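Here's a quick walk through one model, meant to be read with the coordinates open. Have a look first, then read on.

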Amino acid sequence: MTAVENIRQTSEGGQEMKPRSEIGARELMREVGAVLRMSEAEAAKLGQLPVDSDEDQTMIINMGPQHPSTHGVLRLMLELQGETVLRCKPIIGYLHTGMEKTGEDLTYLQGGTNVTRMDYLSPLNNELVFSMAVEKLLGIEDDIPERAVWMRMLLSELNRMSSHLLFLATNGMDIGAVSMMLYGWREREEVLRFFQKVTGLRMNHNFIRPGGLAADLPPGWRDDVLEILDMLPPRLEEYDILMTNQPIWRERLQGVGVITASEAMALGTSGPILRSTGVPWDLRRDMPYLKYDQMEFDVIVGSYGDAFDRYAIRLNEVRESMKIVRQILDRMPAGDYRIQNKKVTPPPRGRIDESMEALIHHFKIFTEGFKVPEGEAYVGIESPRGEIGCYIVSDGGPKPYRIHMRAPSFVNIQALPHMMRGGLVADAVAVISSVDPVLGDVDR
Amino acid sequence: MTEVESLHGAPVSWSRGQKVVHPGRSAYVALLKKLLDDGFTMCTDLTAVDYLTHPGRDLPDGVAAERFEVVVNLISIASRERLRVRVQVPESDPTIASAFDLWPGTEAMEREAFDMFGIRFDGHPDLTRILMPEDWEGHPLRKDYAVGRIPVQFKGANS
């Protein structure tokens, strides 16, 4: 039996975009309407297109999955008429590794190593949301020591900076400002060097854990953070000269990939994409977690909903994050970096040498894990890409019964067909880049 | 016994301080429509849970537990509120109406739930697999789908 026959045998059908001759007008209308939310009149007009004569002039091409501008393994099927994009369908799953299924087989302590690899550009935010969901199920979310909360906020904001710096680098590269690629990675590396000093790893830290953090900040951390804060502002000004105020850059991005506020909300997008349409929605301010309600910072919004707004929002969010980090430096309290709750906290290293009970406790917690009371909870926080959420169902055992991550990139990427429709194929790259998808987060 | 709280005729429960509504399967889309009119303009998340090996869970009176559960997370930007909707879906007939007409953004999420759990969404414009290959057999996040069980993955390919 050939592969094609085999596929036809399954009831699900192909995932690809079908040529117009194979789909009826109604299906075409729904397919485009699936992301468009167009008016009835507009949709009806589309349904009456002279399908056959059109078909001669359009072609369906594949972009990706292996393409430098697709940020990994994103595949887009584009229907083109000349250079105009008529339809677009993102096809994903090339990086799917079943992490939600894996998560059901890992204890709550091991779970961090799994979720941190999903959105690999903001690993600390993944760990944070996972830890917060577990703490909510345990009912200890209000007992986390002050210092741990402030440390979490510090790391989360630094992570936002590193993620946005990487976006600026790849955005520049995609549009053709190749030197930006080097500058952005250079600055991001400074932040990652700090992460390495604190957590031991540049990425995939597993540092924020249920109950607190894995370790305290190392000596001299304050100077390291100050060094980053002093180094960045002049560099960001260089970016402004290189990109923001440069006519070619503006020409390339302004008016490209436009989306309106109501469309962005109907599609469920969040983060810079939603804010670029003028909706001031930032979970840090609107549904505060950690200590964000005590922080002084601005929520950056755009007004046109185009690729330039999304670029400018991220650039300025780096500045806002720096503001927050400075406030954290001023107010970082002394104290414990993890909760002293025997249930979730392993005993200190020194105790293990002295006490048999501590040794057993340590062994039990790392082999068996701790039990989490039955129930379900959803926690959502603001990651650099939008709302990252963690939904955990516990059956009372030491492993989650079901763990689901609400991935911001997965939802945001579904706005691509809408942003691209009617645009030029050359702008497709700018649009993908402005959504800033992380394919590890999309496919999980 | 206290009176059961309800919202638009569906029982409400509180889980760790979070508000959860439990509509019946037939009232599901009608309830979502009312919630949308109430200001829940964003559907942030839609997923499913397979309760095959954990049948006895807390549900409000009048809600019969079934094998599958579709979980929808909504956000109201105006009132800065979250709301969760949990619907029971029986194993014998795993279908439920699609929320696509209310929030087109649920298109991909429903496809993911279909791909992973085999729950069919009536009225969905393009219900195909999204993460797994299209000739994959079975639905991986079901509890009776074992971890590490590797069937012949890409049939028809010359090995």
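What follows covers the two contacts, one helix and one loop residue.

First, the ground rules. This is a predicted model, in which local features need pLDDT of at least 70 and side-chain atom pairs count only at pLDDT 80 or more, while totals for chains, interfaces and linings use all residues. Residues are numbered from 1 along each chain as its sequence is written, and chains are lettered from A and ligands numbered from 1 in the order in which they are written.

**Inside chain A**

Chain A is assigned domain 1 (1-94 + 412-444) and domain 2 (99-339 + 371-406); such bounds come from an automatic or database domain assignment. Where these two touch, 23 residues come from domain 1 of chain A and 29 residues from domain 2 of chain A. Contact here is a matter of C-beta atoms, placed from the backbone, lying within 7 Å. On the domain 1 side, α19 (416-420), α20 (425-435) and α21 (439-443) of chain A each put in at least two residues, with α20(A) giving the largest share, 7 residues. Helices are DSSP runs of H or I, at least four residues, and strands are runs of E, at least two, numbered from the N terminus.

**Between the chains**

Chain B brings 36 residues to its contact with chain A, and chain A brings 50 residues. From chain B, β4 (42-50), β5 (68-76) and α2 (106-117) each supply at least two residues, and β4(B) gives the most, with 6 residues.

Here's how the two sides divide by class:

| Side | Nonpolar | Polar | Charged |
|---|---|---|---|
| Domain 1 of chain A, touching domain 2 of chain A | 9 residues | 9 residues | 5 residues |
| Chain B, touching chain A | 16 residues | 10 residues | 10 residues |

Ala, Val, Leu, Ile, Met, Phe, Trp, Tyr, Cys and Pro count as nonpolar, Asp, Glu, Lys and Arg as charged, and the others, Gly among them, as polar.

**Helix α9 of chain A**

With 22 residues (178-199), α9 of chain A should span 32 Å at 1.5 Å a residue, and its end C-alpha atoms agree at 31 Å apart. The expected span is 1.5 Å times one less than the number of residues. Among its buried residues are A:M180, A:E187, A:R188 and A:F194; buried means 20 or more other C-beta atoms within 10 Å, exposed 12 or fewer, and partly exposed in between, with C-beta atoms placed from the backbone. Their cover includes α8 (146-175) and α10 of chain A. Right after α9(A) comes A:G200, with a positive phi near 95°.

**A loop residue**

A:D216 sits in the loop between β5 (212-213) and α10 (221-244) of chain A. Because A:D216 has 16 other C-beta atoms within 10 Å, A:D216 is partly exposed. The C-alpha atoms of A:D216 and A:G335 are 9.6 Å apart, though 119 residues separate the two along the chain.
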